[in-house]
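Please look over the model below, and then follow the questions and answers on overall fold, burial, surface, charges and cysteines.

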Amino acid sequence: MNILFELTALITAKRQKLLKIYTLMVRSRMLDEALLKSSKDRKIQSIVYSGIAQEAGPATIVSLLEEHDYLLPHYRGYASVLAKGVDLRTIVAEIYGKKTGIAEGIGGFTNYPDPTLRVVGHGSIMGSVFPSAIGHGLAARHRKDGSIIVAFFGDGSATRGTFWNSLALSALWRLPILWVCENNTFSCSVKTEQFITTSLVTQASAMGVKAKRVNGNDVLEIFSTAKKAIDKVRSTSQPFFFELTTYRIAGHNSIDSQWYQSPDEIQHWRKKDPIVLLRDKLFLAGYLTVFYEREIMESAKKEVEEAIDSAEKEESLTAEEFFHKYG
Amino acid sequence: MVNGNQSTFNDAIREALFEEMERDPSVILIGQEVGISGGRRGTSKGLWERFGPTRVIDTPLSEDLYAGIAIGAAEGGLRPVVEFMCGNFLLIALTDIYRASIWRAKNAQKISIPIVIRAIFGGYDGWGAELSASFVSVFAQIPKLTIIAPSESQTAKESLKAAIRLNDPVLFLEHKKLYPLRNIGSGTDEIFELGKARVIRQGKDILVVTYAYMTVLMDQASKLLEVEGISIEIIDLNILQPYDIETILLSAQRLKRVLIVEEDIKGATIGAGIGMRIHEYIPDAKIKTIGAKPIPIPFGSAERFVLPSVSEIVEAARYLKNKN
């Protein structure tokens with residue numbers, strides 16, 4: 001009887017977690033598509049870096065974190081920061097350049113810093129996350145509060161020399177860092193495979209970090225492996241490396257025409273949409289109903305539309321406000 | 001530990017590190033050979049034994065990571081002091097030194113970055129272009145970076161302590177030739193203030209504005225000039241960014257003849273910027289600058305062809321004194 005009770009509790013907890021992840025992915029997707037449109041319609045000054053179809057990894061992994069863990073997000077997509085609790089409206093306002101934005105509208109591309117949620121700001125130079133993560137690892141080790149550091153980046157950034165150096169240091173100094181590479185195949189307009197001699201997991205292992213390659217579009221696969229990895233990083237204070245294999249459906253950014261991407265290839269990967277994959281499994285397991293699904297979709301749509309409406313009406317920093325604070 | 005007045009510059013740095021690390025457990029030291037070896041010049045001797053390997057951290061040769069590591073550590077609540085064995089190696093880390101300085105603004109001031117980047121810099125030791133060049137003015141193009149270059153041990157100690165306590169990034173430049181020297185400053189009883197320049201010599205004829213090792217050359221030059229009846233006032237900047245324009249203008253207004261002496265290549269320097277400010281405020285001031293020649297510094301004693309010399313300074317002072 002006791003075992004049944006525990007099992008039910010486990011399934012319930014997992015069910016709740018999976019529904020939470022599903023909702024996050026839907027919200028991220030809605031936001032992503034809406035901002036792509038805003039960019040193409042020239043409603044915003046900023047260009048955006050779409051993470052469409054790459055939501056599974058960030059949504060799942062960050063959902064498995066604890067509040068005191070630090071997130072160093074990827075510049076691509078919104079799932080990780082939304083999963084950490086960042087207010088969607090402040091992301092939109094930031095991209096619209098308004099002072100209600102999470103960095104008052106002047107923080108730069110894909111930069112959503114929130115120290116209260118332990119979401120770290122993003123540097124414009126790709127790969128700046130590598131040494132920052134090491135520094136955070138040192139701070140976590142010093143705090144001794146069981147917190148871990150999760151750093152997301154792409155396969156392109158992982159061709160920087162500082163990547164290997166940082167992996168090695170994380171192993172040598174025994175830092176509680178979870179390195180997550182979203183391998184979406186592309187370094188802008190070029191396929192990353194042209195630049196690497198061995199696979200990412202081999203590279204990580206060679207640097208002394210335990211590594212695993214996972215299907216980046218399969219929430220359930222990510223869920224079970226990430227849960228184990230996070231617990232291990234936390235308990236042993238040793239780093240771990242995830243390669244999430246996925247594909248970049250959208251362009252590198254919103255002004256990229258994607259001339260170099262084969263339409264057949266894109267179509268092939270559209271069929272592996274992580275939201276659809278998860279949704280089908282949730283229906284099968286009885287965790288999701290048509291009604292509930294529609295509720296999630298409409299709620300997300302409303303949230304995004306309202307955020308954009310608000311952002312359009314809000315003000316940007318005046319010269320006075322700017323100099324007063326930043327001068 | 002020895003009282004600051006008896007300490008060499010090297011001792012002074014070590015004392016400052018020791019005292020601050022003792023006072024504040026979040027202060028850590030990162031760099032090559034800083035730990036078990038106690039530093040190439042013994043600057044961190046004893047620190048590893050006292051504070052352990054989690055606070056005194058030896059690194060491999062990865063200057064390209066150092067400043068980025070400092071940023072992450074500071075965000076996570078530490079106060080990292082990062083040591084660069086040679087000023088030239090700062091250029092390897094330049095990207096993240098820049099990022100560290102703009103990071104607070106980019107985070108809409110929600111965080112602070114309390115890091116100190118220390119570098120042992122400068123020439124007059126015969127090590128050639130890649131290990132001796134001064135480069136200080138390059139860092140003046142980085143907004144919100146505090147730049148300090150002390151000229152003697154007591155000021156160095158107080159400056160480093162203050163730098164570690166600041167909540168924003170500091171570039172702390174320690175000239176290698178100053179390391180073995182004991183307090184050669186004016187021995188003034190003035191209370192130390194990080195933002196202030198130091199008037200280390202009073203004079204009647206010419207104001208010299210200088211910093212770091214050039215104060216040692218100025219010490220020699222001013223004695224020679226005194227014999228000729230030319231009286232030199234010397235301001236040691238100590239803090240190069242933001243520099244203390246008030247103290248400079250006070251003396252410049254009085255003396256009207258200004259010689260700016262730097263080790264950086266003459267031309268696009270912090271000193272040239274100061275000269276321009278003086279000119280804007282005091283249009284009738286006569287201003288001259290001294291710096292290295294724009295030639296790669298040759299290895300060995302041939303460096304004297306390129307780096308500023310005492311005789312060059314003396315000649316410039318004579319010229320200024322006699323200029324109508």
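Q: What radius of gyration does chain A have, set against a compact globule with 327 residues?
A: The radius is taken over C-alpha atoms, and the globule rule is 2.2 Å times the number of residues to the power 0.38. With 327 residues, the rule gives a value near 20 Å, and chain A agrees with it. In this predicted model, local features need pLDDT of at least 70 and side-chain atom pairs count only at pLDDT 80 or more, while totals for chains, interfaces and linings use all residues. The value for chain A is 20 Å.

Q: What radius of gyration does chain B have?
A: For the 324 residues of chain B, a compact globule would come near 20 Å. The chain agrees with this expectation, and its own radius of gyration is 19 Å.

Q: How many helices and strands are there in chain B?
A: Helices (H or I, at least four residues) and strands (E, at least two) are DSSP runs, numbered from the N terminus. Chain A comes to 12 helices and 7 strands. For chain B the count is 10 helices and 12 strands.

Q: Which percentage of the residues in chain A is buried?
A: Buried means under 20% relative accessible area, exposed over 50%, and partly exposed in between, with a 1.4 Å probe and protein chains only. In chain B, 60% of the 324 residues count as buried. Among the 327 residues of chain A, the share is 56%.

Q: What share of the contacts in chain B with a separation of 6 or more joins residues 24 or more positions apart?
A: A contact means heavy atoms within 4.5 Å. In chain A, residues 24 or more positions apart account for 74% of the contacts with a separation of 6 or more. In chain B, the corresponding share is 81%.

Q: How many disulfides does the structure hold over all chains?
A: A disulfide is a pair of cysteine sulfur atoms within 2.5 Å. The sulfur of Cys188(A) is too far for a bond, because the closest cysteine sulfur, in Cys181(A), is 14 Å away. Over all chains, the number of disulfides is 0.

Q: Is Cys86(B) buried or exposed?
A: Cys188(A), with a relative accessible area of 33%, is partly exposed. Cys86(B) has a relative accessible area of 4%, so Cys86(B) is buried.

Q: Where do the residue numbers start along each chain?
A: Chains are lettered from A and ligands numbered from 1 in the order in which they are written, side-chain values use heavy atoms with hydrogens and water left out, and residues are numbered along each chain as its sequence is written, from 1.
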